[in-house]
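Here are some friendly notes to read alongside the structure. Please keep the viewer open and look up each residue as it comes up.

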Amino acid sequence: MGKQIITLTVNGEKHEVAAEPRELLVHTLRETLNLRGPHVGCETSHCGACTVDIDGKSVKSCTMFAAQADGAEITTIEGIATPDGMHVLQEMFREHHGLQCGYCTPGMITRAYRLLQENPNPTEEEVRFGIAGNLCRCTGYQNIVKAILAAAAEMNAAREAAQ
Amino acid sequence: MKDLEDRQERIDNLKGLGCSRKRVEDARFTQGKGNYVDDVNLPGMLHGDFVRSPYAHARVKSINIDAAMALDGVVAVLTAKDLEPLSLHWMPTLAGDKQMVLADGKVLFQGQEVAFVVAKDRYVAADAVELVEVEYEELPVLVDPFEALQSDIVLREDIKDEKEGAHGARRHHNHIFLWEEGDKDATEQVLDEAEVVAEEMVYYHRTHPCPLEPCGSVASMDKINGKLTLWGTFQAPHVVRTVASLLSGIEEHNIRVISPDIGGGFGNKVGVYPGYVCSIVASIVTGQPVKWIEDRMENLMATAFARDYWMKGKISATKDGKITGLHCHVTADHGAFDACADPTKFPAGFFHICTGSYDIPVAYVGVDGVYTNKAPGGVAYRCSFRVTEAAYFIERMIEVLAIELNMDAAELRRINFIKADQFPYQSALGWEYDSGDYHTAWDKALAAVKYDDLRAEQAQRVEDFKAGKTRKLLGIGLTHFTEIVGAGPVKNCDILGMGMFDSCEIRIHPTGSAIARLGTISQGQGHATTFAQILASEIGLSADSITIEEGDTDTAPYGLGTYGSRSTPVAGAATAMAGRKIRAKAQMIAAYLLEVHDNDLEWDVDRFVVKGAPERFKTMKDIAYAAYNQAIPGVEPGLEAVSYYDPPNMTYPFGAYICVMEIDADTGEHEIRQFYALDDCGTRINPMVIEGQVHGGLTEALAIAMGQEIAYDDMGNCKTGTLMDFFIPTAVETPHYTTDHTETPSPHHPIGAKGVGESPNVGGVPAFSNAVHDAFRAFGLRQSHMPHDHWRIWKIANDLGLHG
């Protein structure tokens with residue numbers, strides 16, 4: 001099958017990649033660009049392990065063709081940490097034991113990263129609803145929710161301090 | 001005072017037992033730097049994919065691979081005929097049966113592996129799967145195990161005339177075994193003469209562990225040096241190496257098995273699956289690395305289901321509620337091949353822990369294993385070999401008996417608990433419970449939820465419901481479970497002949513840090529964090545200075561792997577014992593350095609101190625350096641130890657769970673208002689990790705009890721092959737849990753620890769299910785089968801006439 005050239009800006013870096021029209025974005029990210037953070041758990045959009053951020057929205061990269069992302073700005077888990085170190089969400093997931101096997105974690109944190117931009121001060125109920133597209137088999141979510149709420153509090157405090 | 005503070009600081013610095021140490025694994029995982037099997041990418045790697053049967057029972061008339069082979073990028077298509085010369089078209093199962101690797105003349109369940117396509121990329125492989133032409137002749141299907149035992153239809157033609165199976169006599173061509181434990185005659189006599197007998201069929205439905213990462217493997221046969229490297233989702237990598245050697249004829253030293261990071265196991269990754277075998281064969285045939293990764297549908301349809309036990313129970317008691325006997329007969333649906341993951345001598349696992357937490361003087365269990373046209377498996381989904389089925393059975397029977405006696409179910413439990421002074425306790429079915437204090441745990445749990453107030457509220461609710469003031473019912477789900485985890489002992493527990501010990505090897509480095517390798521493999525349990533804590537407390541080096549490594553058979557000592565909550569009871573014990581060997585040698589070195597006799601020294605947190613002269617000491621760090629930098633008479637250089645630990649007994653964790661559930665009688669919807677979980681897992685290594693395990697296990701229990709199932713239609717079509725149909729709770733459906741604990745150490749474990757990861761599933765399922773049943777008890781409900789999804793709960797209400 002013929003390949004076409006598409007342009008993706010991933011974690012701030014521009015890439016031109018050749019992909020078949022049917023190639024799923026998650027495979028382009030994982031296999032062509034060697035970004036192994038997004039995982040494949042279901043291939044039907046249910047589990048969210050493949051979640052990435054595309055043009056400011058959380059997207060499940062296992063059910064999107066790479067060609068559909070032509071020209072897009074993409075952030076994966078690999079792009080969430082800052083030059084100064086881990087993102088506060090990553091810190092809080094560790095601090096509050098928000099992960100066990102780690103397979104859902106990249107998608108979960110990437111989703112939470114967007115959620116806290118959509119709603120910087122969510123209630124517990126809003127967090128639970130906001131991550132309902134991401135499944136975790138290990139944690140029962142309680143500590144994930146705790147970690148996201150703690151990250152929100154810390155980010156808000158940092159914002160206030162900066163103002 | 002200063003000394004005490006100093007000592008406490010030294011203890012804290014170790015981050016040893018009892019410390020909620022943050023996990024060392026998390027820096028990688030939170031930054032997307034895990035290394036799972038699908039992340040393994042080798043030069044020239046090919047991709048394998050299966051042609052699977054659309055039928056549950058059919059003869060395979062022909063397979064035409066020509067069109068598939070003609071597709072650009074296809075390298076090979078393997079069928080049973082290609083595997084037969086290698087004797088790999090069938091493989092042994094863990095349960096003493098054998099299983100087709102690729103369909104040999106017929107298929108026995110929907111989704112069965114028929115042919116293995118190998119291509120240059122995963123897309124081409126998927127295309128080629130569609131081009132393999134298979135001609136089937138449909139055969140009549142058996143999906144009901146009771147019908148299968150009566151039917152003339154022969155499922156397993158390969159063994160139809162064999163009267164003896166791996167576990168004794170077979171009485172029908174679809175019968176696998178009858179396994180019995182206990183005193184049948186004495187139990188029947190007690191039941192015949194009992195004042196009260198409650199009888200019920202309790203079904204624990206078929207479900208699936210469904211870890212978020214599906215199963216997969218990468219095989220790389222290096223023809224030049226004759227070495228096979230196999231990466232895969234293996235909960236028991238060393239056993240996989242031994243099995244791979246026995247099956248392939250490659251000498252074991254030429255096989256290296258690596259379990260990289262594993263994205264959850266829950267029992268799903270214990271077995272050996274056709275995909276693993278085919279990836280190995282394909283790599284040998286093609287001379288290139290071959291990756292096989294199943295998709296979610298393949299995982300749910302074909303890779304190791306769990307449960308599917310029809311448990312017919314009879315429990316007898318005196319009029320005032322003292323239990324006198326228990327009888328249980330199980331019809332166990334094993335699917336097309338008996339591929340249960342149990343220790344060899346236990347075809348029904350440890351199901352005979354089904355007397356639970358109760359002092360029952362006489363009991364009998366009989367389990368009939370049956371073949372049907374369903375996927376093989378029978379793995380322990382977050383439980384220790386059928387313990388979840390056992391706990392569900394006894395906790396339902398207790399509730400049914402409470403109804404029969406018109407008694408409060410909490411009180412019925414209390415008067416029948418094994419008492420603290422009865423431990424070690426010999427159960428009627430042959431187990432020796434190591435330790436427990438059930439009454440203390442139970443009273444603490446009932447007090448925590450204000451049990452009497454809940455019952456009063458429930459009684460009022462029933463009145464209000466009857467008066468038409470509300471449509472919501474209140475259920476109080478009680479459970480007191482006893483687990484049995486930590487297989488060995490070797491004398492009666494093995495997997496394919498390998499005794500179920502486990503191991504730890506420690507090397508102390510000259511500058512006072514260490515690496516320890518174990519025969520287990522973490523799948524999210526956090527071994528790299530917690531095993532370092534065990535060791536820190538034993539050898540006095542900070543957990544932060546200890547690397548834990550597992551999963552590479554070329555470097556780790558042989559072990560039986562991680563499942564059945566055996567890591568802490570067995571490998572954790574090996575870790576402590578190896579640590580003690582280190583300390584014993586360290587004591588000799590310290591004595592030399594301090595110029596005293598060994599016996600003049602005592603261990604204090606992180607150092608050996610001269611008795612009566614606390615200012616004279618050598619820390620473990622000092623000793624480590626000395627072990628490498630000077631000649632000590634009579635002592636070999638270096639500081640290393642290895643321990644292979646054969647546990648003298650299993651450990652018996654227990655717990656008290658209470659679920660308070662609101663149920664809408666009109667819609668069948670439920671809301672979990674409160675869930676209280678008290679666990680006793682003996683000595684607690686890392687409370688944070690324990691709590692996380694409990695949350696996760698409870699959520700898997702919630703899924704199983706309230707909606708999750710592998711269901712088939714009459715044609716043997718699997719109706720639950722995607723996450724649309726197979727229920728996994730999201731954060732929205734999952735309630736908030738309250739965790740609590742008591743601490744009753746195991747008397748035989750070196751640090752008193754028991755397992756915990758599976759307790760919440762074992763205890764959680766009956767707690768959720770009992771809450772549903774309890775909500776309808778006042779209206780006459782005795783038993784209704786799981787999963788309690790909205791439709792089934794609505795149907796309970798409807799059948800009881802609650803819809804007017």
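**Notes for a first look**

1. Let us begin with Arg517(B), which is buried, with a relative accessible area of 13%. You will find Arg517(B) in strand 27 of chain B. Please bear in mind throughout that this is a predicted model.

2. Which residue does Arg517(B) meet in a salt bridge? The partner is Glu549(B), with 2.7 Å from N to O. This pair links distant parts of the chain, since strand 27 covers residues 514-518 and Glu549(B) sits in strand 28 (residues 546-550), with the two positions 32 residues apart in sequence. The two side chains are also joined by a polar contact of 2.7 Å.

3. The two partners are not covered alike. Arg517(B), at 13% relative accessibility, counts as buried because the cut-off for that word is under 20%. Glu549(B), at 30%, falls between the cut-offs of 20% and 50%, so it counts as partly exposed.

4. Next, look at Arg52(B) and Glu113(B), whose side chains form a salt bridge at 3.3 Å, N to O. Arg52(B) belongs to strand 1 (residues 46-52) and Glu113(B) to strand 7 (residues 113-119) of chain B, so the pair ties together parts that are 61 residues apart in sequence. Are these two residues buried or exposed? Both Arg52(B) and Glu113(B) are buried.

5. Another salt bridge joins Arg471(B) and Asp666(B), with the closest N and O atoms 2.7 Å apart. Here the linked parts of the chain are 195 residues apart: Arg471(B) is in the loop between helix 14 (451-466) and strand 23 (472-482), while Asp666(B) is in the loop between strand 33 (654-664) and strand 34 (670-680) of chain B. Arg471(B) is partly exposed, with a relative accessible area of 33%, and Asp666(B) is partly exposed as well, at 34%.

6. For the wider setting, how many salt bridges are there over all chains? The count comes to 66. Some are linked in a network, which takes in Arg30(A) and Glu31(A) together with Asp38(B), Asp39(B), Arg122(B) and Lys291(B).

7. Do stop at His208(B), in the loop between strand 12 (196-207) and strand 13 (216-222) of chain B. His208(B) has a relative accessible area of 1%, and because buried means under 20%, it counts as buried. Which backbone oxygens lie 2.7 Å from a polar atom of its side chain? One belongs to Asn299(B), and another belongs to Thr303(B).

8. Leu300(B) is worth a look too, in helix 10 (residues 296-302) of chain B. Leu300(B) is buried, with a relative accessible area of 3%. Try drawing a line from Leu300(B) to Cys718(B): the two are 418 residues apart in sequence and 8.9 Å apart in space, C-alpha to C-alpha.

9. Finally, turn to the surface, where Asp183(B), Asp185(B), Glu188(B), Asp192(B) and Glu193(B) form a negative patch. Where is Asp183(B) placed? Asp183(B) is in the loop between strand 11 (175-182) and helix 7 (184-193) of chain B. Its relative accessible area is 41%, so Asp183(B) is partly exposed.

Terms used. Residues numbered from 1 in each chain as written. Chains lettered and ligands numbered in written order. Predicted model: local features only at pLDDT ≥ 70, side-chain atom pairs only at ≥ 80, totals over all residues. Heavy atoms only, no water. Patch = residues over 30% accessible without salt bridge, like charges linked within 9 Å, V, L, I, M, F, W, Y side chains within 5 Å. Areas by Shrake-Rupley, 256 points an atom, 1.4 Å probe, with all protein chains shown as cover. Salt bridge = Lys/Arg side-chain N within 4 Å of Asp/Glu carboxyl O. Lys, Arg positive; Asp, Glu negative; His and termini not counted. Charge placed at Lys NZ, Arg CZ, Asp CG, Glu CD. Helix = DSSP H or I, 4+ residues; strand = E, 2+ residues; numbered from the N terminus. Buried < 20%, exposed > 50% of the residue type's maximum accessible area, 1.4 Å probe, protein only. Polar contact = N/O pair within 3.5 Å; in protein donor to acceptor, adjacent residues only side chain to side chain.
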